[in-house]
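Reader: I'm new to this one and would like a guided look around. Could you put it up and let me ask things as I go?

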Amino acid sequence: MTRRPATLAAGRTAALAATLAAGLGLVACTVVPESGDDSSSGGTGEAAFDLVIVGGTVVDGTGADRYSADVGIRDGRVVEVVRDGGLSGQGAEEIDASGLIVSPGFIDHHNHVQNQVHRRPLAENFIRQGITTILPSLHSGDQPYPLRDYIDDLEVAPNIGFFAGHTWTRRQVLGMEDRAPTPGELDEMRDLVREAMEDGALGLATGLLYVPANYAETEEVIELAKVAAEYGGIYYTHMRDEARGLLPAVREAIRIGDEGGLPVHINHFKAMGVDNWGKTVESLALVDSARAEGIDVKVDLYPYMAGSTGSSVLFPQWVLAGGIDSFRVRVTDPEIRPRVERETEEWMRRDWTGGDLSRVQFRTLRAFPEYNGRRMSDLAADRGLPNNDATGVQLAIELQLAGGFSAIYHFMDEADVIRIMQHPQAMFETDGDPVGYGLGFPHPRSYGTFPRILGRYVREMGVLTLEEAIRKMTSMSADEIGQSERGRIADGMWADITVFDADRIIDRADYVDPHRYSVGIHHVIVNGVPVILDGSVTGAKPGQVLKGPARQLTETRGG
């Protein structure tokens, strides 16, 4: 059968212009056939597909073995997968994927874009990792409010799903107070969660490590989880403790899911602090035990041995209660200051530094920006102070009073990271920020998470097979949030697709030079529309807001 020539360049300008004009809508592209050649569409003059990907090796997201195939896309969905080819020339646009992997697009289970994605709608540092869906599961940040108004006007490159945030909800009702809500206040909190769920939230998200969320008793969270459960929600959590209290924190997360009546997803599962390395054996066993009892618990991780967060985590929570003014009163009171120093030093040693201040690397130090990218040990040395936690306490108090800082904390062991990665219930997240290229000093995970997994841990170390890693990034992750029409390359699925070079893909960002895009990602397609072509950003914004329910309801809401 004669087919007209079709290349990716054909119709590209018109397709992208139509996409931009359509906002979140999807585009069906056509090209005018060459004279006398309309055989591929039965004489109608239209291409059979909007886009075809030819000559690639498909890893379909299910964990099945890879195979050679062409993929035909129309109206935003995969409509035909032809093993060993046969679709070349039948698309309005065509991608030659010879020598490349054609995979479902990757799903990022936690990041920090919830209130900023409209400012950087292309989410370039995410889509350049092959990510087609971002899930800003709320920990310590604010949620957009009203959520319905925010998502109605949103035009972005990747798909995105939102959550009802416990921290934000608690702050609206109780501020920074360290106490339990009254019955009336708890009802107000329930109403805010209910409103977010009705606006499309996928579930309830908590950050129980952080103030003021960690002032909440478990029972408070369970009551809010019950509201999310009524709407088919899921419970995403940054646990209350990932160090000394790791095992009780896992048990608490499981209990919230069990008594709240909804699945549990634990973000950035880890064992932090030198004293706690190896505890992932026990913490993962708790996950397995809960699942054996019928409680749906899963986890995710990022593939780095360092985390990143603000300076408040260096202090016991009681020191921070009431905000910065109360903090100032405590650290300047000669009767309270000794207790603050004693407990903070123990807190820092066991959970964060292990006695070595070089484990704290400043990202954004407001008081002394010249130290951004450098270590707390450098600041101590420049002042002639010893590298120990007694020094760290004094510096932490001083810097907190001067506006605080964000930092990269080098506190994990790679053996734990690998153990979690290989667990059958583990998926992936970036924990990344919506960065501007060259601005600030972000954690390298904002640029490199998914390519690092595929390059270092799959290709170089053999920790996972390519098929299993892709399954965790795609179908398993899509099912976790009730999106069974995503995460797979098969007829009828939404065409979220990443095309990459398995022999070359790798992260380039590191802790010293973080603003470096990964290599090996060639094309990224969201809902059938390219957002990355030949390694370049197209400017298209075809992303959809993914709304709940995240799980199938088994009984009538409120029944």
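Reader: Okay, let's start with a side chain: which residue's side chain does D496 join in a polar contact?

Author: Before that, keep in mind that this is a predicted model. D496 sits in the loop between α17 (475–480) and β18 (497–500). The two side chains come to 2.8 Å in that polar contact, and the partner is R486.

Reader: Is D496 buried or exposed?

Author: Buried means under 20% relative accessible area. D496 has a relative accessibility of 4%, so it counts as buried.

Reader: β18 came up there. Which strand pairs with β18 in the antiparallel sense over four bridges?

Author: A good way in is one pair of residues: I497 in β18 stands opposite P104. P104 belongs to the strand made of residues 101–104. The strand that pairs with β18 over those four antiparallel bridges is β5.

Reader: And in what sense do β1 and β5 pair?

Author: As general background, strands of a sheet pair through backbone hydrogen bonds, either parallel or antiparallel. Here, V58 stands opposite V102 in β5. Strand β1 covers residues 49–58, and its two bridges to β5 run in a sense that is parallel.

Reader: Let's move on to the open sheet of three strands. In what order do the strands come?

Author: The edges are a handy place to begin: β14 (306–310) and β15 (360–365) each have a single partner strand, so one side of each is left without a neighbour in the sheet. The pairing in this sheet is antiparallel, and the order is β14-β16-β15.

Reader: By how many degrees are neighbouring strands of that sheet turned against each other on average?

Author: This is the open sheet with the order β14-β16-β15. With direction ignored, the average turn between neighbouring strands is 20°.

Reader: Can we zoom in on β15 and β16? Which residue in β16 is the bridge partner of L365?

Author: β15 and β16 pair in the antiparallel sense over five bridges, with β16 covering residues 405–410. L365 is in β15, the strand of residues 360–365. Its bridge partner in β16 is F405.

Reader: Back to the other edge strand. Which residue's side chain is joined to T309 by a polar contact?

Author: T309 has its place in strand β14. With a relative accessible area of 15%, T309 is buried. The polar contact between the side chains is 3.0 Å, and the partner of T309 is Y210.

Reader: Does the model have hollow spots? How many cavities of 30 Å³ or more are there, and what volume does the second largest have?

Author: The count of cavities of 30 Å³ or more comes to three. The second largest of them has a volume of about 50 Å³.

Reader: What's around that second largest cavity, and how many charged residues are in its lining?

Author: Y210 turns up here again: the lining is L209, Y210, V211, N214, S312, V313, F315, Q317, L320 and W347. By class, seven of the lining residues are nonpolar and three are polar, while the number of charged ones is zero, that is, no charged residues.

Reader: Now for some backbone oddities. Which prolines follow a cis peptide bond in the bonds from Y145 and from G548?

Author: From Y145, the bond is cis with omega near -10°, and it leads to P146. P146 lies in the loop between β7 (131–134) and α3 (147–152). The bond from G548 is cis as well, with omega near 10°. That one ends in the segment after β21 (536–537), at P549.

Reader: What is the phi of H268, roughly?

Author: H268 is found in the loop between β12 (264–266) and α8 (280–292). Its relative accessible area is 2%, so H268 is buried. Although H268 is not a glycine, its phi is positive, at about 30°.

Reader: And what about D431: what is its phi?

Author: D431 lies in the loop between β17 (426–428) and α15 (445–460). At 5% relative accessibility, D431 counts as buried. D431 is not a glycine either, yet its phi is positive, at about 55°.

Reader: One last thing: what separates the C-alpha atoms of I234 and V340?

Author: I234 is found in strand β11 (residues 234–238), and it is buried, with a relative accessible area of 1%. Along the chain, I234 and V340 are 106 residues apart, and their C-alpha atoms are separated by 37 Å.

Definitions and conventions:
Residues are numbered from 1 along each chain as its sequence is written. This is a predicted model: local features need pLDDT of at least 70, side-chain atom pairs count only at pLDDT 80 or more; totals for chains, interfaces and linings use all residues. Side-chain values use heavy atoms; hydrogens and water are left out. Two strands pair if DSSP finds at least two bridges between them. Axes are lines fitted to C-alpha atoms, for helices over the stretch in contact, and angles run from 0 to 180 degrees between N-to-C directions. On a 1 Å grid over the protein atoms alone, a cavity is a set of points where a 1.4 Å probe fits but cannot get out, and a pocket is an open set with protein on both sides within 12 Å along at least five of seven lines; lining residues have an atom within 4 Å of a point. Grid points are joined across faces, edges and corners, and a volume is the space filled by probe spheres set on the points. Ala, Val, Leu, Ile, Met, Phe, Trp, Tyr, Cys and Pro count as nonpolar, Asp, Glu, Lys and Arg as charged, and the others, Gly among them, as polar. Buried means under 20% relative accessible area, exposed over 50%, partly exposed in between (1.4 Å probe, protein chains only). A polar contact is a pair of N or O atoms within 3.5 Å; within protein, one must be able to donate a hydrogen and the other to accept it, and residues adjacent in sequence count only if both atoms are side-chain atoms.
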